[in-house]
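Reader: I am in my first year and still learning to read structures, and I would be grateful for a close look at a single part of this one. Could you take me through one helix slowly, and then show me how that helix fits into the rest?

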Amino acid sequence: MTSILLYIASILSAILAMKTKENAFTLPVVIALYEFFFFKGSLGKRVLYLIPFLLTMLIIPITLIGIDKPVGEIISGLGDVTEGYGGISRWDYLFTEFRVITTYIRLLFLPINQNIGYDYPVYHSFFDIQVLLSFLLLLSIFGFAIYLYVRSMSSTVLKLIAFGIYWFFIALLVESSIIPIPMVINEYRVYLPSVGGFLAFIAGAFLFMERLKSKKIQTAILAFLILTPLVLSSATYLRNAVWGSEISLWKDVVRKSPKKAMAHYNLGIVYYEQGLIDKAIEQYQIAISLKPDYAEAYNNLGLVYYGKGLPDKAIEQYQIALRLKPDYAEAYNNLGMAYGVKGLIDKAIEQYQIAISLKPDYAEAYYNLGIIYIDRDLNKAHKEFKKALQINPDFHEARKFLDYLNKI
């Protein structure tokens, strides 16, 4: 009975994992791999027990596409989901990921120059020498795992090494394959795969120790294995100093990726939030010079000018942002605020209404519209504040004005 309950619990856990994070898609594959690597029994029975886990793999694609759509639309939707992102084709993404995975491997063994915002090049040809060499390296590692498995019939340690290597590659399948996603590289994506990598490395180190005759070499390897976590812990402590503040973190990214617009944009946000207005302007302008179609940077530059009491310059930036991104609800809302400051009330109302039409749950736009209506139509103002509170019950400013209107 206990085994049945644990089996049901494991299936439920797999379902919850699928609803939590997309890379859980590889979980059933690793479970099946573990089953056939380390257990024995009737093939039919084992496959039967694995089927519920394998069926959970349908959850993520169905969730992404929509369960209520006809089969034809689902198939079409899958094509849309796997289409190129941000101008990167499927094949370009795959070629780039060969290089990215080699970077991940390097980071596991030599974690230096870590960066949360890599300015990583996109590769467009399989025959680019860096792509080709990376592919051959990865293929050799994968082939080595196959060799170890074939040789592992009488050695559990060899199976552990092979299993760890397979784990590493399988855990990267969702984010480092042929489906383009934002940011071609991100260090956190190697956290789960690293479990397999470290398993293979440690198992290999102990196997190597067992086969050596020299006690001195065995002692040296053991000392290395003990000292390595201490060294890495020190490196982690030093890295945490970079994470000590948002400014130090994004300055580190800007230093390592000076041509990445997103890094300057995020540093600008941090400067703005901490009241360093001139520095914020500088970073937004750099971001725009690196990426002239960066609508969000123009919008934020407008916010800075608005905060400095320069509504005309703010309006100019918001209008550029909207030319670049016509469905940018936040920019319409901000443009409405700038028009309101200039006394252009009808234009302000128009911008807020556009923002709401684009984003019906935009509490701030309803609130701003309510502020405008206080001097024109108290009933409309009451309606807008009420709507803002329905969307965000913790919107204290909206509640304050609504309470005021209720007392009139």
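Author: Helix H9 has 21 residues, which at 1.5 Å a residue should span 30 Å, and because its end C-alpha atoms are 31 Å apart, the expected and computed lengths agree. Please keep in mind throughout that this is a predicted model.

Let us turn to what H9 hides from the surroundings. The buried residues of H9 are Pro193, Ser194, Gly196, Gly197, Ala200, Ala203, Ala205, Leu207 and Met209, and these buried residues pack against H6, H8 and H10. As background for reading such a list, an α-helix has 3.6 residues a turn, so residues three or four places apart point the same way.

Not every residue of H9 is covered in this way. Phe201, which is also found in helix H9, has a relative accessible area of 34%, and because buried means under 20% and exposed means over 50%, Phe201 counts as partly exposed. Phe201 belongs to a nonpolar patch on the surface, whose members include Phe109, Ile202, Phe206, Leu222 and Leu230, and the patch as a whole has about 1000 Å² of accessible area. Helix H9, residues 191–211, and helix H10, residues 215–242, are the elements that give two or more residues to this patch, and H10 gives the most, with 5 residues. H10 therefore appears twice in this account, as an element that the buried residues of H9 pack against and as the one that gives the most to the nonpolar patch.

The loops around these helices also deserve a careful look. Met183 is found in the loop between helix H8, residues 156–171, and H9, and its phi is near 65°, a positive value in a residue other than glycine. Most residues other than glycine have a negative phi. With a relative accessible area of 31%, Met183 is partly exposed, because that value falls between 20% and 50%. Asn113, in the loop between helix H6, residues 90–109, and helix H7, residues 129–151, likewise has a positive phi, of about 55°, although it is not a glycine. Asn113 has 55% relative accessibility and so counts as exposed, since the cut-off for that word is over 50%.

For another helix read in the same manner, consider H15, residues 311–324, whose 14 residues should span 20 Å at 1.5 Å a residue, and whose end C-alpha atoms are 20 Å apart, so that the two values agree. Its buried residues include Pro311, Ala314, Gln317, Tyr318 and Leu322, and the buried residues of H15 pack against helix H14, residues 295–307, and helix H16, residues 329–341.

Finally, it helps to set H9 within the whole chain. The secondary structure of the protein chain comes to 20 helices and 0 strands, and 40% of its 408 residues count as buried. The C-alpha trace spans about 90 × 50 × 45 Å along its principal axes, and the radius of gyration is 28 Å, where a compact globule of 408 residues would have one near 22 Å. Among contacts between residues at least 6 apart in sequence, 57% join residues at least 24 apart. The protein chain exposes about 23300 Å², of which carbon and sulfur atoms supply 64%.

Methods
Residues numbered from 1 in each chain as written. Predicted model: local features only at pLDDT ≥ 70, side-chain atom pairs only at ≥ 80, totals over all residues. Heavy atoms only, no water. Patch = residues over 30% accessible without salt bridge, like charges linked within 9 Å, V, L, I, M, F, W, Y side chains within 5 Å. Areas by Shrake-Rupley, 256 points an atom, 1.4 Å probe, with all protein chains shown as cover. Salt bridge = Lys/Arg side-chain N within 4 Å of Asp/Glu carboxyl O. Helix = DSSP H or I, 4+ residues; strand = E, 2+ residues; numbered from the N terminus. Buried < 20%, exposed > 50% of the residue type's maximum accessible area, 1.4 Å probe, protein only. Expected span 1.5 Å × (residues − 1). Contact = heavy atoms within 4.5 Å. Rg over C-alpha atoms; globule rule 2.2 N^0.38 Å.
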